[in-house]
Amino acid sequence: MTPSRLLPLRLSKLLAGLFLYGIAISLMVRAGLGVAPWDVLTQGAANLTGLSFGLLTNFIGVAVLLLWWPLRQKPGLGTVLNVLLIGPSAQFGLWLLPDFALWWQQVLVFAAGLWLLAVATGLYIGARFGPGPRDGLMTGLHARFGWPIWMVRTAIEGSVLLAGLWMGGTVGLGTLAFALLIGPMVGRTLPWLDTRLPAAAPQPSPA
């Protein structure tokens with residue numbers, strides 16, 4: 001299949017993935033068991049400023065994207081839409097969903113959010129329109145300074161987690177479960193949902 005014929009499929013996967021990503025975040029927030037490090041930062045900033053979770057998700061995405069400039073990273077369409085769309089989707093999910101108080105409800109809702117986030121990640125990354133701003137920051141620091149990916153990711157997520165915790169974000173067993181499980185889960189969903197782009201045609205040799 002030619003790249004032009006794949007474009008509607010890729011765009012559909014990108015938009016569906018970003019919408020579902022925001023819904024997945026809202027599920028984990030409403031579960032009340034702890035959230036991913038970046039969402040701890042967003043929660044903390046919301047507590048500190050009184051602004052909505054979704055709006056701050058957008059603001060933080062823009063701030064992270066600005067850090068790409070000194071790293072000479074180039075955003076793609078997926079990067080820009082990630083910044084613009086996940087915040088409103090998460091805010092919509094928070095408006096739609098109640099808080100859950102019973103432990104078994106919290107566990108089920110958190111598990112559903114974690115599973116949905118893995119699927120959403122596979123969709124939007126598999127669309128091949130560029131990484132999200134946070135992933136691009138990680139790969140940009142790796143490319144610029146040569147630090148190992150695991151070290152860069154640990155340093156970034158540890159820093160935002162501590163900042164979010166200091167501002168009052170929710171850290172709990174869900175935060176630990178996210179850290180341990182999201183990598184292997186995305187490792188399963190991404191191959192299933194990846195878009196195989198056709199290889200570029202070989203260029204003729206000069207005469």
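Visitor: How many salt bridges does a search of the whole structure find?
Guide: The model is a predicted one. Within it, a side-chain nitrogen of Lys or Arg must lie within 4 Å of a carboxyl oxygen of Asp or Glu for a salt bridge to be counted. The search of the whole structure on this basis gives three.

Visitor: Which residue forms a salt bridge with Arg30, and how many residues apart are the two?
Guide: The side chain of Arg30 meets that of Asp99, with an N to O distance of 3.2 Å. Arg30 belongs to helix α1, whereas Asp99 sits in the loop between α5 and α6, so that distant parts of the chain are linked. The partner is Asp99, and the separation is 69 residues.

Visitor: Is Asp99 buried or exposed?
Guide: A residue counts as exposed when its relative accessible area is over 50%. For Asp99 the value is 57%. Asp99 is therefore exposed.

Visitor: Where is the partner of Arg128 in its salt bridge found?
Guide: Arg128 forms a salt bridge with Asp194, and their closest N and O atoms are 2.7 Å apart. Arg128 itself is in the loop between α6 and α7, 66 residues from its partner. Asp194 is found in the segment after α9.

Visitor: What is notable about the phi of Arg128, and what is its value?
Guide: Arg128 lies in the loop between α6 and α7, the latter spanning 133–145. Its relative accessible area of 42% makes Arg128 partly exposed. Although Arg128 is not a glycine, its phi is positive, at about 65°.

Visitor: Which residue in the loop between α4 and α5 has a positive phi near 60°?
Guide: The loop in question follows α4, which covers 68–71, and leads to α5. The residue is not a glycine, yet its phi is positive. With 69% relative accessibility, it counts as exposed. The residue is Arg72.

Visitor: In which helix do Glu157 and Arg153 lie?
Guide: The side chains of Glu157 and Arg153 meet in a salt bridge, 3.2 Å from N to O. The two residues are four apart, about one turn of the helix. Arg153 is partly exposed, its relative accessible area being 37%. The helix that holds both residues is α8, residues 149–166.

Visitor: Which helix supplies the largest share of the largest nonpolar core?
Guide: This core has 31 residues, and those with the most contacts inside it include Leu14, Tyr21, Leu117 and Phe178. At least two of its residues come from each of α1 (3–31), α5 (77–96), α6 (103–126) and α9 (173–193). The largest share, ten residues, is that of α1.

Visitor: How many residues are in the other core?
Guide: This core lies apart from the largest one. Among its residues are Leu56, Trp68, Leu71 and Leu137. The number of residues in it is 16.

Visitor: Which residues does Ile182 touch, not counting residues up to four places away in sequence?
Guide: Ile182 is among the residues with the most contacts inside the largest nonpolar core. Once residues up to four places away in sequence are set aside, Ile182 touches Leu114, Leu117, Ala118, Arg153 and Ala177.

Visitor: How many aromatic pairs does a search of the whole structure find, and why is that of Phe19 and Phe92 tilted?
Guide: The search finds four aromatic pairs. The ring centres of Phe19 and Phe92 are 6.4 Å apart and their planes stand at 40°. Planes under 30 degrees apart count as stacked and over 60 as edge-to-face, so the remaining angles are tilted. The count is four, and the reason for the tilted class is the angle of 40°.

Visitor: What is the angle between the planes of Tyr21 and Tyr124?
Guide: Tyr21 lies in helix α1 and Tyr124 in helix α6, so the pair ties together parts 103 residues apart in sequence. Both Tyr21 and Tyr124 are buried. Their rings are edge-to-face, with 6.0 Å centre to centre and planes at 80°.

Visitor: What accessible area does the nonpolar patch that contains Leu102 have?
Guide: Leu102 is found in the loop between α5 and α6, and Leu102 is partly exposed at a relative accessible area of 45%. The patch on the surface is formed by Leu102 with Trp103, Trp104, Val107 and Leu108. Together they have about 580 Å².

Conventions:
Residues are numbered from 1 along each chain as its sequence is written. This is a predicted model: local features need pLDDT of at least 70, side-chain atom pairs count only at pLDDT 80 or more; totals for chains, interfaces and linings use all residues. Side-chain values use heavy atoms; hydrogens and water are left out. A nonpolar core is a set of buried Ala, Val, Leu, Ile, Met, Phe, Trp, Tyr and Cys residues joined through side-chain atoms within 4.5 Å. Buried means under 20% relative accessible area, exposed over 50%, partly exposed in between (1.4 Å probe, protein chains only). Contact means heavy atoms within 4.5 Å. Patches are made of residues with over 30% relative accessible area and no salt bridge: like charges are joined within 9 Å, nonpolar side chains (Val, Leu, Ile, Met, Phe, Trp, Tyr) within 5 Å. Accessible areas come from the Shrake-Rupley method with a 1.4 Å probe; for residues, only the protein chains shown count as cover. Rings of Phe, Tyr and Trp (its six-membered ring) pair if their centres lie within 6.5 Å; planes under 30 degrees apart count as stacked, over 60 as edge-to-face and the rest as tilted.
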